[in-house]
Amino acid sequence: MADIQPIDEKQQEALSRINRDLEEKSAAERAKDLNLPYINVGGFPVNPDILHILSPEDAKAGMLMPFYKTGKKLRVAVFDPADLKTAAALKKLEEAGFSIQLNLASKAGVEDSFRHYLSDQYRMKEETKNV
């Protein structure tokens, strides 16, 4: 019987990348099925000014991330467009006067994009807004 060797850090990173790639491919296929554009929002740079459109709490609850804005047109990455919390967050954005274009993203991609709320640029704008 062969000895099972533990996975080293390099192998674990490779497996994580493969799993992430599969998740992104699955999200892209789901986007096609739903007739929505797909985005890997986890790797997309987001302007910190856009982050102030939606609170981190609403973004996390709805599993969505606004990522591109031109005037009142707002592109938003969502994991599940049919989710009630997603719909509630999108309604807030529409009530604020935005025209929304949905893009489907993987769950990991949306979760990764939440890191933008931890950026120094976002925190500085929040601090000056509250002064």
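Student: Which residue caps the N-terminal end of α1?
Tutor: The cap rests on a side-chain oxygen that lies 3.1 Å from the backbone nitrogen of K10, where a polar contact is a pair of N or O atoms within 3.5 Å, one able to donate a hydrogen and the other to accept it within protein, with residues adjacent in sequence counting only if both atoms are side-chain atoms. This is a predicted model, in which local features need pLDDT of at least 70, side-chain atom pairs count only at pLDDT 80 or more, and totals for chains, interfaces and linings use all residues. Residues are numbered from 1 along each chain as its sequence is written, and side-chain values use heavy atoms, without hydrogens and water. The residue capping α1 is D8.

Student: How far apart are the end C-alpha atoms of helix α1?
Tutor: Helices (DSSP runs of H or I, at least four residues) and strands (E, at least two) are numbered from the N terminus. At 1.5 Å a residue, times one less than the number of residues, the 26 residues of α1 (9-34) should span 38 Å. The separation in the model agrees with this, being 37 Å.

Student: Which residues of α4 are buried?
Tutor: Buried means under 20% relative accessible area and exposed over 50%, with partly exposed in between (1.4 Å probe, protein chains only). The face of α4 turned away from its buried side carries the exposed L84, K85 and E95. The buried residues are T86, A89, L90 and L93.

Student: Which residue just after α4 takes a positive phi?
Tutor: Helix α4 covers residues 84-95. Just after α4, the residue with a positive phi of about 100° is G97.
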